[in-house]
Each structure stands twice: as C-alpha cells, then as structure tokens.
Amino acid sequence: MGQKRVSTQRLNPGRRRLLQAVGAGGLLAWLPPVFSAAENAHATRPIPATGERLPLIGMGTWRTFNVGADPQLLKQRTQLLADFFDLGGSLVDSSPMYGSAEAVVGKAMAALGRFDALFAATKVWTGDETATRQSADASAALWGVERFDLLQVHNLLGWEGHLDNLRAMKAAGRIRYLGLTTSHGRRHAELERIMSGAPLDFVQLTYNVLDREAEQRLLPLAQERGIAVIVNRPFQGGRLFDRVRSSPLPDWASEAGCANWAEFFLKFIVSHPAVTCAIPATTQRAHLRENMGALHGRLPDRRQRQRMIDYVASI
Amino acid sequence: MDYALRDFLMFTPEVYLRLFERLNAALWPWQIIPLGLLLLLPTLVSLAQPVGRRLAMVVLAAGWASTARLFMQDLYAPINWPISAFSWAFFAEAGLLLAVALWSPPGRVSVAVARTWILVGLGLTAVTLLGQASWRSVGWPGLTPDSTAVVTLLFLLATTRRWRWVVLAVPLVWLGFSLLTHWALGLTAQAVLSLAGVILGLVALVWPGPRETLSRPIR
C-alpha cells in the first residue's frame, strides 16, 4: 500500500511542554478552549496500535456507493471520492454486504489512481468462518488493491473463526489492521466481552449526539485497551437532519467550532477522545464539503458537548 | 437505537429511479413492441376462438419473462440482494401463464371490459409520473415488475376464477414487497401503483369473475 497522506500540523513548543506536563493525551479534548487552540492538531488522531494518524472524518459507502453499473452515477461517485481526498480524507469503509459498493469504489479508484491517499477498510461478511481469506481476496479484486489497511468482521458474524484468520493474515502482512463492527447499538454486551479479552486494532460502532450508549462502557474500554474506534451512523442514517430541519443552529455553535449542522453532529462525535474516525456517507458534493469541514477549527469541550446533547434532545 | 424500514434499503431513491431511466434509454424505441402487444390484448381475449385467449396468455407470459431478464436480473439485482430470487419467481410466473394457456385458457372477455382493463393499467402506470419520476423513468408493462403485475391482476379479475389462484401468488407477493420498498424510499407515486396492485390482488382472491357462459368449449 502506498504512503498515506496525513496532517503534519504541530503544536508550538510552549503548548507542547504544557500538554506533556498535564499527562494523558485523553485529557486533551476536555481542556478549556484556550488549550485546544492549535487549530489543526485535531484534524487527525493516532491509531493506538501503531501511532499512525488518521483524519478524523472518513467516508462510509452504505447505500451511497451501491449504484450498480450506472455510468452516470459512477462518474458522480468518482468525483465525490476525488473531492474527499482533496479535502483531506483518507479512510473509506465498505463491505460485501453493500451490494455493488465495493465494485464502484474500485472503479472510482481505478479512474482516480489516488491509492496513495486511500486507507482501505472493508469487512468480512460470511457465516463461513473458513472463508475469511476468500472473502478478503474477492473484496481486494473489486477494490483493485493488493491488501487492505483494515479488515473487519461485519456485525460480529462468525467472529471467532474470522478473528483467528485475521490475526494470521496480519502476521503474514496480508492486512495491516483487524477489527470488528456492530451498528444500531446491537450486541454491545458481546462486543464489550470481546474487546476485554481479544487483541483488536479497531472496533466500529454507532455513536452520535442521540445514540450515546457507547459512552458508558465501550468507548472508555477502547481507550483503556488501546483500540481505535470508527463511528458509523453519525447522522442516524439522515434522521438527525430531519429532526433539526425546522430548528436553527444554536447561536453558541460557533463557540464549539460548528458552522453548520453536519459539523455540529460530527464534531460532537470526534470530540470524544476515544473516537479515531467518523464515517458519514453522502452522495452530494456540497454535503461532503460540510462533512469535511469537521476536520478544521476547534472541537467542543465537555461543557459544550453537554450543551449540544441538551439542545438536540430538546428539539 | 431502533431500526426504521429505510435502514434495510440498500440503495437511494436516485439509484432506483435511474434503473427505469437506463432501461428505457437502452431499449428506445423498442418499447413500442410490448406496448403494441398490450393494446392487442383486448382483441385477443374477446375472440370466440380459444386461440386468441391462449395468445393473450402467451403475451402476458412474455411480459413476465422479459421483465425478469431485462429489468430484474440486468439492472435491479446488482443493487438489491432479494431481486435475484424474485427474478426466478417471475420466470416461474411466466411458465405458469404458459401452462394455463396450454391446458385451460380463460373464458372469453368482452372487448369493452378488456379495454377498460388496459386503460386502468396504463393509468396506474402513469401515476408514477407524479412526484419525483420523470417520463424517462416510467415503468412500462411487460418490461418492469409493478406495472406487469398490475396488468396481469386486472386480466385475472376479468377472467373466470377457475385457475386464478395459481397465477396470483407471485404478483401479490411481489407487489407487497414493492410497496414496502417504495414506502421506505419515500416514492409516493410508485407506492400508489404497488398499493393498487395489492388491493387488486386481494380482490382477485375472492372476486368471482364473469359468468362462464361467455366461454366456448375448450379445444
């Protein structure tokens, strides 16, 4: 896999010494705004397993990239992916479950040739626990990549056998990271048990300003165990926008670094120190630009996060 | 965190409507053939000789088969997992209609009733032009599943009840599935067509149909 493009913004030496004195990096997001004024320092976050930095906002492909062989829509999705990379994105997440999405991503990547910018993340989606490699190979052929950066067990389907195989594949250099996924708040107890005992690089779960169950145990556990967290359904499949359609962005949103509702929802998520990357999905270039805006500017602190929760809950 | 119906959808409304646009663009101007056959059906089913009614069943069967191949397998199945199985059900429906044509063609139908049936079918198809669809995304009978199923159900209502249940299952199940799909996609106009089809199908379960005295002896 080619070299990944990551943000290289650095803190000034004075602020660096202060933060080092404070200690654990997990406190960074909870400090008063004046200490998070290093505007682009949070545009990426490290993967705990290696320290490799990932942009906070990635791209999901559920529904949005399942366009079959439609030439018009394929062209649009290719442009969308180009915009995504130009705006600083890297992680693209897909799955064999998503219909033709993997094939569409592959065709778009072949047209763009931006493999150096891509952090390729997909999933194994089969109950046959002996078919991990076959599934990965089939997906790799569709994506047009030699290997995946991240391979995840989709919705914990056959996770025990697949996880063993993923470890072997990682040891052989066939993948770089391994992980598990859930969504819609399903099977959190089981995920917690697995996270507590099994070495994992990534977990993917649902977390947003209304769906905060993961805050109770999974996010703290991920921090404790050094597991990166990818957040799916950051907008509840679009329902969060429906909820706020008639409501104005609060006038204090700019204090929290939010210029629009997409940044509001995404910055809430990525301001949690356990979150490595959120993966909104969209088909619209304008919406993509709004999503990627969450890579820039300040992040809300704890007080502001609570205010965001209360405001959305009140709508 | 609850599931909504649309959480199970694999594609967006845009992608779905583009399926119909792509089919129409690919086939243009040969839509004239299934439409022409559709307009011929009233004449065929009103003939005294059973051969006309057998031919009408063959035309309907051809519509199911072409829908299965051209729309469902080529366009819809790549973006929606269940469609592959439904496409084979559509082929099976074509086979059932051919079997009925061969062994027990329906009774004669008056040309006025048959023409009304065709007009209603085309009218319901035209409803899909309302809302989000453009004329490029109209789903024509004999090429796309909902309108093909609705036209078939109208035909079943106009004929005797003898073997109706045999060929009723696939259209009714498909239209129920399609109604849920359109509802989840927020495509109201398309949902009207599907809903009309479901209602027609349920009525067809109990509707006695015309009197057998219109029939001629089967040869």
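This is a short talk about chain B of a predicted model, with a quick stop at two strands in chain A.

Okay, hi everyone. Remember as you look that this model is predicted. Let's start with chain B. What is its secondary structure made of? Eight helices and zero strands. If you walk along the sequence, you just read α-α-α-α-α-α-α-α.

Now, the overall dimensions. The C-alpha trace of chain B spans about 60 × 40 × 30 Å along its principal axes. Its radius of gyration is 17 Å, and that agrees with a compact globule, because one with 219 residues would come out near 17 Å.

What about the inside? In chain B, 53% of the 219 residues count as buried. And take the contacts between residues at least 6 apart in sequence: 79% of those join residues at least 24 apart.

On the outside, chain B exposes about 9,800 Å², and carbon and sulfur atoms supply 73% of that. Then there are the charges. Chain B has 15 positive and 8 negative ones, and how far apart are their mean positions? The answer is 20 Å.

Okay, over to chain A for a moment. Find strand β6 of chain A, residues 148-153. Is it mostly covered or uncovered? Mostly covered: six of its six residues are buried. Strand β5 of chain A, residues 119-124, runs parallel to β6(A), and four bridges join the two. If you want a spot to zoom in on, try A:Thr122, which stands opposite A:Leu151 in β6(A).

That's my tour, thanks!

Note on methods
Residues are numbered from 1 along each chain as its sequence is written. Chains are lettered from A and ligands numbered from 1 in the order in which they are written. This is a predicted model: local features need pLDDT of at least 70, side-chain atom pairs count only at pLDDT 80 or more; totals for chains, interfaces and linings use all residues. Side-chain values use heavy atoms; hydrogens and water are left out. The radius of gyration is taken over C-alpha atoms; the globule rule is 2.2 Å times the number of residues to the power 0.38. Buried means under 20% relative accessible area, exposed over 50%, partly exposed in between (1.4 Å probe, protein chains only). Contact means heavy atoms within 4.5 Å. Accessible areas come from the Shrake-Rupley method with a 1.4 Å probe; for residues, only the protein chains shown count as cover. Lys and Arg count as positive and Asp and Glu as negative; His and the chain ends are not counted. The place of a charge is taken as NZ of Lys, CZ of Arg, CG of Asp or CD of Glu. Two strands pair if DSSP finds at least two bridges between them.
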